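Please open the structure in your viewer and keep the selection tool at hand. We will go from one selection to the next, pausing at each stop to say what is there.

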Amino acid sequence: MSIEVRSPVTGLAASLTDVPDPVFSQAMVGPGVAVKPASGPADAVAPIAGTVATLHPHAFVVASAGGTAVLVHLGIDTVQLKGEGFTLHVSKGDTVEAGQAIVSWDPTAVEGHGYSSVCPVVALDLTPDSLGDLREDGQVSAGEPLFTVEGG
């Protein structure tokens with residue numbers, strides 16, 4: 001059985017190696033794909049169905065019932081914004097469906113503060129060979145498949 005990991009935002013899919021942060025570009029926390037979000041206010045949605053395991057204004061983790069955990073980081077170094085410009089729609093521990101709105105934000109405003117708005121989407125604590133069907137280029141809409149994870 002595999003899990004389909006969907007894009008949390010609409011934008012341009014790219015390799016994780018393109019992320020301007022070594023923690024993500026070197027896959028230190030796990031493999032995945034990056035998405036350069038489209039401009040303007042938007043919702044970041046759950047990449048998989050599961051439980052909100054970690055929730056910050058700038059990042060969240062959704063864990064599946066089978067234990068697969070997917071991290072979505074909204075921009076790079078955006079923790080420095082201390083939540084400014086991010087609106088949470090769920091709470092830690094909530095059960096969510098894939099595609100459900102988690103956080104509203106504005107990538108253009110993030111860039112206006114001098115931060116990259118690129119969104120790493122990472123399967124935590126897995127190896128690159130656990131991922132399949134990677135979509136690392138081209139336009140992607142929120143909710144469309146980015147990659148699959150073997151297991152559950």
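Begin by selecting residues 59–63, which are strand E6, together with strand E7, and you will see two strands that run antiparallel and are joined by five bridges. What you have on screen is a predicted model, and it is worth keeping that in mind at every stop. Within this pair, select Ala63, which stands opposite Ala69 in E7. E6 and E7 form a hairpin with five residues between them, and in the turn you can pick out Gly67, whose phi is positive, at about 105 degrees.

Now keep only E7, residues 69–73, on display, and ask how many of its residues are buried. Five of its five residues are buried, and the strand is mostly covered. The cover is found on both faces, with Ala69, Leu71 and His73 buried on one side and Val70 and Val72 buried on the other.

Next add strand E11, residues 119–123, which pairs with E7 in the antiparallel sense over three bridges. To find your place in this pairing, select Leu71 and look across to Val122 in E11, which stands opposite. Strands of a sheet pair through backbone hydrogen bonds, either parallel or antiparallel.

From here, turn to a second group of strands, an open sheet in which three strands follow the order E4-E10-E8 with antiparallel pairing. Which strands lie at its edges? They are E4, residues 42–45, and E8, residues 87–88, each of which pairs on one side only. Two bridges link E8 with E10 in the antiparallel sense, and if you select Leu88 you will find that this residue stands opposite Val103 in E10.

Leave the strands as a cartoon and show side chains for the largest nonpolar core, which has 32 residues. The members that touch the most others are Val5, Phe60, Leu74, Ile102, Trp105, Leu146 and Phe147. Several strands each supply at least two residues of this core, including E1 (2–6), E3 (32–37), E5 (50–56) and E14, as well as the E6, E7 and E11 that you have already visited. Apart from this core lies another, of twelve residues, among them Phe24, Ala59, Val118 and Val122.

Now select Val5 and display its contacts, leaving aside neighbours within four places in sequence; among them are Pro47, Ile48, Val70, Val121 and Val149. The last of these is a good next selection, and Val149 lies in strand E14, residues 145–150. Is Val149 buried or exposed? Val149 is buried, because its relative accessible area is 0%, whereas a residue counts as buried under 20%. Not counting residues up to four places away in sequence, Val149 touches residues that include Met1, Ser2, Ile3, Thr68, Ala123 and Leu126.

Finally, zoom out until the whole protein is in view, with its two helices and 14 strands. The radius of gyration is 14 Å, close to the 15 Å that the globule rule gives for 152 residues, so the protein is as compact as a globular protein of that length. Along its principal axes the C-alpha trace spans about 40 × 30 × 25 Å, and buried residues make up 47% of the 152 residues. Among contacts between residues at least 6 apart in sequence, 70% join residues at least 24 apart. If you switch on the surface, you are looking at about 6,700 Å² that the protein exposes, of which carbon and sulfur atoms supply 51%.

Key:
Residues numbered from 1 in each chain as written. Predicted model: local features only at pLDDT ≥ 70, side-chain atom pairs only at ≥ 80, totals over all residues. Heavy atoms only, no water. Helix = DSSP H or I, 4+ residues; strand = E, 2+ residues; numbered from the N terminus. Buried < 20%, exposed > 50% of the residue type's maximum accessible area, 1.4 Å probe, protein only. Contact = heavy atoms within 4.5 Å. Pairing = 2+ DSSP bridges. Core = buried A, V, L, I, M, F, W, Y, C linked by side-chain atoms within 4.5 Å. Rg over C-alpha atoms; globule rule 2.2 N^0.38 Å. Areas by Shrake-Rupley, 256 points an atom, 1.4 Å probe, with all protein chains shown as cover.
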